[in-house]
Amino acid sequence: MKPAPFEYFAPETAEEALALLAEYGMDARPLAGGQSLVPLINMRMAQPAVLVDLNHCCELAYLREEEKMLVSGPMTRQRELEISNTVRAHCPLIAEAVPHMGHATIRNRGTVGGSLSHADPSAELPGVAVALDAEMVADGPNGRRTVPATEFFLAELTTALEPDEVLREIRFPKAPSGSRAAFAEVGSHFGGLALVGVAARVDLDSAGRCAAVALAAIGAGERPARLSSAETVLMGEVLGEQVIAEASEAAVIDVDPLADLHATAHWRRRAVVAMTARALREIADGGEGVAEVRR
Amino acid sequence: MTARRDVRVTVNGRAYTRNVEPRMLLVDFLRHECGLTGTHVGCAHGVCGACTILLDDVSIRSCLAFAVQAEGKEITTVEGLADGESPNALQRAFHENHALQCGYCTPGFLMSLTEFLRETPDPNEAQIRERLSGNLCRCTGYANIVRAVRAAARRPRDEDCAP
Amino acid sequence: MSARGDDGGAGTWVGRPVPRKEDPRLLRGIGTYIDDVPEPRGTLHLAVLRSPYAHARIGAVDASEAEALEGVVAVVTGADIADLIPPFTADYERPGFKVSRRSVLATDKARFVGDGVALILAENAYVAEDALGLVLVDYEQLPAVSDIEDALKPDAPRVHEELADNVLVEGGHGTEGFNEVFEAADHVLRERFRVNRVAGVAMEPRGCLAVYEKSDDAVTLWTGTQVPHMLRVGIARCLGWPESRVRVVAPDVGGGFGPKMYLYPEELLAVAMAREYRCPVKWIEDRLEDFLTTLQARDHVYEVAVAFDGDGVVKAVSVDALVNSGAYSTYPMGVGLEPFQGPLNMPGPYRFRQFAFTCKGIATNTCSTGAYRGVSAPGVAMAMEGMMDRVARRLGLDRVEVRRRNLVGPDEFPYVNVVDQLYVTGSYVECMNRALEMVDYEGYLAARPPERLVDGKYRGIGVAVVTELGGQGAARYKARGLSDLPGFDTARVELGPDGRVLATTSFSSQGQGHETVFAQIVADELGVPVDDVTVRGGDTGASPFGTGTFASRGAVVGGGAVMRASGELREKVRRFAAHLLEASPDDIVLEGGHAHVRGVRQMRIGFRDVARAAHGLTESMQLPEGEEFGLEAAATYDPEASSVSNACHIACVGVDAATGLVEVERYIVVHDCGRVVNPLLVKGQIQGGVAQGLGQVLFEEILYDAEGQMLSGTLMDYMVPTALDVPTLEMEHVESPATDNIGGFKGAGEGGVIGALPAVACAVGDALAPLGANVNRLPLRPDTVLGLIEGVGA
């Protein structure tokens, strides 16, 4: 488990980084936090000839509030999302989800753009992006373009980014005040990798009815799945046990999990139901609570 | 073979300059170039946490970083915790509570907890266990590590666990 | 008459929670694990090219590109070294055994994914790994078999073509009259238990550094082993070298748990290459290799039948055990370990007098298997306790009552069980009673609704009463025909000229705390503070010959040897002190690093002065008549019988009805390992053992596909317990000292695992009992458990 040789570049601007990626094309990989890529490099399952280290591009690490958007640079550490009051105030779903991502030491180094670009089907942040209809801004030799999160994740470890593109910015719509969020996930055991998770955001009207609902599942298919059928069940309803149960059962309509080493496809479907119910109950109970410990 | 590069780092207050291949992992750099073998490799794929160090005071897995990425930075390893021969509060708490057996994972725990106790000086058990879940120990079953963290957190301020 | 103080000889140090002497170096990061041993100049790094196929004939090997790589010193194939390192084996021709041989690098065919095919010697580990990718091997893939029952089929691929079939070992035995008793019983229950294959996953992978000593034409092998002396015997025997040419040193070892008590091909390769190339050779295993090649365990099937009467009294038990032995037999334990240790541990604390078993160890195209903490005992304990629960359910009795009717009672010791194991003392009922009190068993049952569903979780409780066989000596190993396991251990204790004590033992430590435990024993025997005692071991060049660290034998056998040697030295110190104090040796009391005359504390002399006199460091001759210079004593210890610890484990679980995820909510252990040397360390052993057991019950599993490809070869796919999985145990000790060994100690290393499998499995079975779920296979991962809840596979 020693990396194969590679050329290493540490550009200090995004422009330089893009130029290097363009120059080396398929031979090059951008290196963000490295928490997913470096294990693959250590196992020689990835052997890029060139690594373009983005960690010196200070301009790529930022967290900014706009009128309707919370905007993150790709090199913003996951830890920044975790401790940011702005994130908690305007995108509570992110605040709920981040403590579930890896472990503290991983979040210190892991980046927003890295997790999204890696597109692990059981990663939390892609699920959040899909639930929130985030805008993914890609940058490359042909200029910038914006891809909706729902179209960004194509398959396991595959995104809509071209080889010479990088994720330049991630734009999360801000939640209206009173919006509630919860994130629930389950694995084979406690403290390990998540197998299935559900991200939920619900905006309640003054009568306590669901005015807007966003649900997405991770680990239940080759990419994060928006749970539209469950959302439809909830719209206009008060979050009661009956409707939560109905919506949770509807969640399986929009997922297509595969069996693997860790769990059967059937279990993953049932886990989607269970996590949908858990997230919705949490929201019904007040939502946006403190990030609870996973046990 | 790719072009070697100079890497200048400060580890536990001492400056090191070494000329290494870009592919050299930071943990190998610390262990074999700097001779600081207290940081251990348990998995080299970012799961076990045995290689945890502080890079500019932030805990990271040193098996998931390349030495060249540490250029110009300050590193603290387990060797930098004790004040000379005398262990710090966290190390003492580990000793008194039998929080280690084979000891191989221990440096990673100590480094992760050093940051944790700085940020969370008065943690509850759930917070402690959540933090510990990022490091694997195969010997202790964790109970005594939890006890040690509680004990270290209770020490008076002047015995702070910060390195 | 006591020589250990005026208070009548109660231990000052034994029994106290002394914090460990090994901690300071380990906490400061200045321990020396294998990869920390300073590399001598010119060290070559060895990497092993491993077969990607589970079963393949090896054709031409083209190493030209690898050899041409800058930094590569040599590429060596199996054929190149076939004469230098002959195939090794652990078993000999005897009834029931077939001998399988292992080449350190495969010459004819590879028999599992990870089997070594060639090696690289290079200037650093990075280049060595580069070169691995450049060696081209012409493999002819053969049909492979990874499952035990597939391997028994007549047309199964043959792992060793020279053998008639894949059964490497088989045996069995039945008590006289078994059939009659079995058939006459009122009730019979049968069950098939499937135990999961697991890995030890010591946090430090294996590794070694072989240093060629030019002047002696010898090799010093630093290696992360539990058994340095056994390794030296094995290496010298295999290479045909005199033992004087091999020194084996175990430095700090980052966890053992059994898999590190074997001789591995890489150790032989490093030693042979060091001498061949006249330079130091280093091999450090990475985690992927660890999963592929370090011995695994417990891939077992148990077919159990229990015959019992209407009161739930068990009359007869039978078990047929199938064990996946992997590709090769292993040195020094051989292929018989897991197959025989299953059945022989089956009776545990129970009193039934009729027992029949068969066992088979079966070769497959998978990694070899062998000793892992508890060996087969955890699996059979799960089967036995699972049957006790089934008996209770069948008869509508409480499970505790059924156990009570079958346990060896407090007035029955010494007891010889149905497989002739002597239980000299024990506290089976007492431990169970106390554990039930601690958990408030009746209260727990009363508070639970009949359907057992509370807050979305099925609540269950599991009660397990288990025994733990430890401290085995020569008689036990010889009865098993193990030629290369001596069984005894040795200690040498010396009082140096400065009055401090050095104890050197045949043991080495992988975290058990021998430096502390043995020092406590020495300190009591000699009347010195524990800080004045240094304990060393693990170096065949410096420590006396003995067996080594495994099978919960440290305190019993190692501690026994230390106690005997210290006792001899104590008498010598008393004679010297008596001479110097002009008193009778019988009147000399040793205490606190001084000798004094009984009742006359002012007539005293410090150990330093005694020691200086005994080492001739005095102006005048002060040697007592008939004494020789020096203060040291050596002794071996070979306990006649095994020690048998016991415990009651109670687990309370919550099974999430929606996901099947099992949470262990409470865990109680009342444990009896005889006289406790250091309660802090015993508790640590039990907590750690339970954690490993809990991992096995709930989620750990090594998985191979039908073609023998490993599916769980990283720590992402093979999960070990985290701090969120393992509760803090509620623990108490009961002490029934062993009366048939010198220290009264019993082993404590394995009981935690042995109790955890049955306790947690029975708790899940109890939680799901109203659903009719049958918990009979591990691990109990969420998808499996959800299947049980939904009635699939019930």
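**Chain B, domains**

I started with chain B, where the domain assignment gives domain 1 (5–78) and domain 2 (89–156). This is a predicted model, so I keep that in mind for everything below. I took the centres of the two domains over C-alpha atoms and got 22 Å between domain 1 of chain B and domain 2 of chain B. For their contact I find 14 residues from domain 1 of chain B and 12 residues from domain 2 of chain B. On the domain 1 side, strand 3 (residues 52–55) of chain B has the largest share, with 3 residues. I also sorted that side by class: 7 nonpolar, 7 polar and no charged.

**Chain B against chain C**

Next I looked at where chain B meets chain C. I have 44 residues of chain B in contact with 43 residues of chain C. On the chain B side, the elements giving two or more residues are helix 2 (89–96), helix 3 (106–119), helix 4 (125–132) and helix 5 (143–154) of chain B. Helix 2 of chain B has the largest share there, 4 residues. By class I get 22 nonpolar, 16 polar and 6 charged residues for the side of chain B that touches chain C.

**Chain C against chain A**

Then I turned to the contact of chain C with chain A. It takes 26 residues from chain C and 20 residues from chain A. Which helices of chain C each supply at least two residues of this side? I noted helix 4 (125–132), helix 9 (287–293) and helix 21 (782–789) of chain C. Helix 4 of chain C gives the most, with 4 residues. The class split for the side of chain C that touches chain A is 15 nonpolar, 3 polar and 8 charged residues.

**Chain C, domains**

Chain C is divided into three pieces, and I wrote down the bounds: domain 1 (23–31 + 488–637), domain 2 (34–142 + 205–253 + 259–293) and domain 3 (376–474 + 642–784). I put the C-alpha centres of domain 1 of chain C and domain 3 of chain C 39 Å apart. Between those two, 18 residues of domain 1 of chain C are in contact with 19 residues of domain 3 of chain C. On the domain 1 side, helix 16 (514–526) and helix 17 (554–581) of chain C are the elements that give two or more residues. Helix 17 of chain C gives the most, 7 residues. That side divides into 9 nonpolar, 7 polar and 2 charged.

**The core**

I looked up the largest nonpolar core and found 423 residues in it. Leu46(C), Ile120(C), Val760(C) and Val764(C) have the most contacts inside this core. Helix 17 of chain C turns up again here, with the largest share of the core, 12 residues. I followed up Val760(C): beyond its neighbours within four places in sequence, Val760(C) is in contact with Gly462(C), Ala651(C), Val653(C), Val664(C), Leu694(C), Val697(C) and Leu698(C).

**Helix 8 of chain C**

Last, helix 8 (residues 265–277) of chain C. I count 13 residues, reaching 18 Å from first C-alpha to last, close to the 18 Å expected at 1.5 Å a residue. Is helix 8 of chain C mostly covered or mostly exposed? Mostly covered: 11 of its 13 residues are buried. Among the buried residues of helix 8 I noted Glu266(C), Glu267(C) and Arg275(C), alongside Leu268(C), Leu269(C) and Val271(C). Just after helix 8 of chain C, I find Arg278(C) with a positive phi of about 55 degrees.

Conventions:
Residues are numbered from 1 along each chain as its sequence is written. Chains are lettered from A and ligands numbered from 1 in the order in which they are written. This is a predicted model: local features need pLDDT of at least 70, side-chain atom pairs count only at pLDDT 80 or more; totals for chains, interfaces and linings use all residues. Domain bounds come from an automatic or database domain assignment. Two residues are in contact if their C-beta atoms, placed from the backbone, lie within 7 Å. Ala, Val, Leu, Ile, Met, Phe, Trp, Tyr, Cys and Pro count as nonpolar, Asp, Glu, Lys and Arg as charged, and the others, Gly among them, as polar. A nonpolar core is a set of buried Ala, Val, Leu, Ile, Met, Phe, Trp, Tyr and Cys residues joined through C-beta atoms within 7 Å. A residue is buried if 20 or more other C-beta atoms lie within 10 Å of its own, exposed if 12 or fewer, and partly exposed in between; C-beta atoms are placed from the backbone. The expected span of a helix is 1.5 Å times one less than its number of residues.
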